[in-house]
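Work through the exercises below with the sequence and the model side by side, and try each task before reading its solution.

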Amino acid sequence: MGRAAGELTPSLLGLGLLLCSWACPGGAGLRAPPDRIAIIGAGIGGTSAAYYLRQKFGKDVKIDLFERGEVGGRLATITLQGQEYEAGGSVIHPLNLHMKRFVKDLGLSTLQSSGGLIGVSNGDTLVFEESSWFIINIIKLIWQYGFQPLRMHMWVEDVLDKFMRIYRYQSHDYAFSSVENLLHSLGGDDFLGMLNRTFLETLQKAGFSEKFLDEMIAPINRVNYGQSMDINGFVGAVSLAGADSGLWAIEGGNKLVCSRLLQASKSNLISGSVMYIEKTRTKQTGNPTKMYQVVYQTGSETRSDFYDIVLVATPLNRKMSNITFLNFDPPIEEFHQHYQQIVATFIKGKLNSSSFNSRALDELGLSTILTTDNSHLFINSIGIVSSVRENNNAQPSTDGAFVWKAFSPETLTKEQLLKLFLSYEYAVKQHWHAYPHYKPPEKCSSIILHDRLYYLNAMECAASAMEMSAIAAHNAALLAYHRWNGHTDMIDQEDLYEKLKTEL
Ligand SMILES: Cc1cc2nc3c(=O)[nH]c(=O)nc-3n(C[C@H](O)[C@H](O)[C@H](O)COP(=O)(O)OP(=O)(O)OC[C@H]3O[C@@H](n4cnc5c(N)ncnc54)[C@H](O)[C@@H]3O)c2cc1C
Ligand SMILES: *[C@@H]1O[C@H](CO)[C@@H](O)[C@H](O)[C@H]1NC(C)=O
Ligand SMILES: *[C@@H]1O[C@H](CO)[C@@H](O)[C@H](O)[C@H]1NC(C)=O
Ligand SMILES: *[C@@H]1O[C@H](CO)[C@@H](O)[C@H](O)[C@H]1NC(C)=O
């Protein structure tokens, strides 16, 4: 059994969310809650938004959640020979406090998901190979890279420390109207400036060597974001945090958190595809707050409904959501954020270790192989996976075959698979428009698309991760609530860190 997530860092729980329960007592200066809210998308963003909106607005508001695919979105499992494996977002950082909170509040269990030895291949040789002896790893790292790994660890800690301030702000109910304002409040110009520079520039400036970046850092970006060192500095830091120890996942599949949030929020799931969001003329509805009409397709039928507030919790572009905004002035245009295609392939078989290392080895002894940017390999990474019910103790089948998950930019051909494997039983793939293709300086879209129309996935321009979507969801719920009630002093407050420091 995994340890309860809450045990990991008890001291940090003090920073956890101070939530009031369902139907918060309406304090002074509150107008009647809205009648109806629509959320488009039932991934972790949409479902956690439903959860937080319910907490803010109370039990009477009707919340409709539209989903055209499966609840969970980019959190999804794939079933192979009766076993389920994470096919999308798979690991969660020990300091992702929203995710930890959900697990606790929703009665879910966790699995520890690190384990196994890692190697880095450039296609010809292993440029780095972890040993099962801790002390040997330390000696190897120092021998190869001096104190750079330690300095890198400190650099990431520093970013993470500042990032953690968001939890304090949100627990005091503060919201931000833009991604830039949010990041600025965490660490000022330098912190926000990470979106303007590539990860490579940022780390070169900090004095890290080319060898270290090529052999250790670039391979981590390739496995976590399918991209090179040209991503922005902030998502680079998130990527490295994703290589920390103590990573965990939800027993039974990460997507369970979405269905549980949906249940707990008592919202109404509508299986349908939203086609249009139209700004209504008040004459049409006779009600000045019913600002938006949501038009959706369910089966072969087209239906529509009116809402006071709408939250868009999916990336806005033709390929991924295909939502058209009608009758807005100024118009809300289609978004052009390009998303990175990633193919996850699950292969049960015996790896050919010579594909990664010319040195002949019977057994590689590694459970994850990362690749360098300049490798001529056609995969970003490959690693042994355990099912969503096992605690990282994947066992081979009797003939010595494991289940491997490979990430690649393109579908793997049969020839490529036969290069990687001595033999395999099956290979099953899942395509994703996985995360934005990062290209600093990042131009983030606004969170407020119109008066009461909010866009959660604007946050992905900084970094895409489950926790980022949950933070965006909490922020959007607070933003919608404060704007509904005219609490402008709770939005975009300057110097929050200093203010709250003296308050605690
Ligand atoms: C392969 C892969 C690996 C990843 N690994 C990790 C990881 O290890 N750790 C981590 O933290 N993050 C990881 N991520 C990122 C993480 O999965 C995402 O950031 C997160 O799940 C995004 O959640 P979301 O709710 O914002 O969006 P989504 O999950 O994309 O949800 C949007 C939902 O909206 C629905 N929708 C879209 N358009 C419409 C419409 N018109 N009408 C109705 N419904 C619509 C979609 O069907 C979808 O369900 C990974 C992602 C991928 C793809
Ligand atoms: C980032 O770059 C943009 C121009 O692309 C500039 O307007 C902005 O001020 C820069 N922000 C920071 C914090 O450096
Ligand atoms: C987007 O939706 C329109 C109708 O709203 C449809 O005609 C078009 O084919 C869709 N495009 C894609 C790429 O799904
Ligand atoms: C394993 O891979 C090496 C290098 O690509 C190749 O030469 C060899 O033939 C492969 N072995 C088998 C059994 O496929």
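**Exercise 1.** Which residues are found around ligand 4?

Solution. Keep in mind from the start that this is a predicted model. Around ligand 4 one finds Asn352, Ser354 and Leu422. Turning next to polar contacts, a polar side-chain atom of Asn352 comes to 2.3 Å from an oxygen atom of ligand 4. As a last step, consider the cover: ligand 4 on its own has 360 Å² of accessible area, and 39% of this is covered by the protein.

**Exercise 2.** Describe the surroundings of ligand 2, beginning with its shell and ending with its buried area.

Solution. Begin with the residues: Asp189, Leu192, Gly193, Asn196 and Pro441 surround ligand 2. Sorted by type, the residues of this shell are two nonpolar, two polar and one charged. Next, look at Asn196, which has a polar side-chain atom 2.4 Å from an oxygen atom of ligand 2. Finally, ligand 2 taken alone exposes 370 Å², of which the protein buries 37%.

**Exercise 3.** Find how many residues surround ligand 1, and trace the elements and polar contacts that belong to its surroundings.

Solution. The shell around ligand 1 holds 37 residues, and the closest are Gly45, Glu67, Arg74, Ser464 and Ser469. By type, the shell divides into 17 nonpolar, 16 polar and four charged residues. The second step is to ask where they come from: at least two residues each are supplied by α2 (44-57), β2 (62-67), β10 (273-279), β19 (421-436) and α14, and the largest share, three residues, is that of β19. The third step concerns polar contacts. A polar backbone atom of Arg68 is 3.2 Å from a nitrogen atom of ligand 1, an N or O atom in the side chain of Asn457 is 2.9 Å from an oxygen atom of the ligand, and a polar side-chain atom of Ser464 lies 2.8 Å from an oxygen atom of the ligand. To finish, the protein covers 92% of the 1000 Å² of accessible area that ligand 1 has on its own.

**Exercise 4.** Locate the largest nonpolar core and follow the contacts of Phe234, one of its residues.

Solution. The largest nonpolar core has 138 residues, and those with the most contacts inside it are Phe102, Ile217, Phe234, Ile277 and Leu311. Helix α14 (residues 466-485) gives the largest share of this core, 13 residues. Another core, of 16 residues, lies apart from it, and includes Leu377, Leu417, Leu420 and Phe421. Now take Phe234: once neighbours within four places in sequence are left aside, its contacts are Val159, Phe163, Leu183, Phe191, Met194, Leu195, Ala462, Ala463 and Met468.

**Exercise 5.** Decide whether Ser408 is buried or exposed, and describe what its side chain reaches.

Solution. First place Ser408 in strand β18 (residues 402-408). A residue is called buried when its relative accessible area is under 20%, and Ser408, at 0%, is therefore buried. Its side chain reaches the backbone oxygen of Glu410 at 2.7 Å. Not counting residues up to four places away in sequence, Ser408 touches Ile342, Val343, Phe378, Ile379 and Asn380.

**Exercise 6.** Apply the reasoning about burial to Asn137.

Solution. Asn137 sits in helix α4 (residues 134-145). With a relative accessible area of 12%, Asn137 is buried. Beyond its neighbours within four places in sequence, Asn137 is in contact with Glu130 and Ser131.

Notes: Residues numbered from 1 in each chain as written. Chains lettered and ligands numbered in written order. Predicted model: local features only at pLDDT ≥ 70, side-chain atom pairs only at ≥ 80, totals over all residues. Heavy atoms only, no water. Core = buried A, V, L, I, M, F, W, Y, C linked by side-chain atoms within 4.5 Å. Buried < 20%, exposed > 50% of the residue type's maximum accessible area, 1.4 Å probe, protein only. Helix = DSSP H or I, 4+ residues; strand = E, 2+ residues; numbered from the N terminus. Contact = heavy atoms within 4.5 Å. Near = heavy atom within 4 Å. Polar contact = N/O pair within 3.5 Å; in protein donor to acceptor, adjacent residues only side chain to side chain. Areas by Shrake-Rupley, 256 points an atom, 1.4 Å probe, with all protein chains shown as cover. Nonpolar A, V, L, I, M, F, W, Y, C, P; charged D, E, K, R; others polar.
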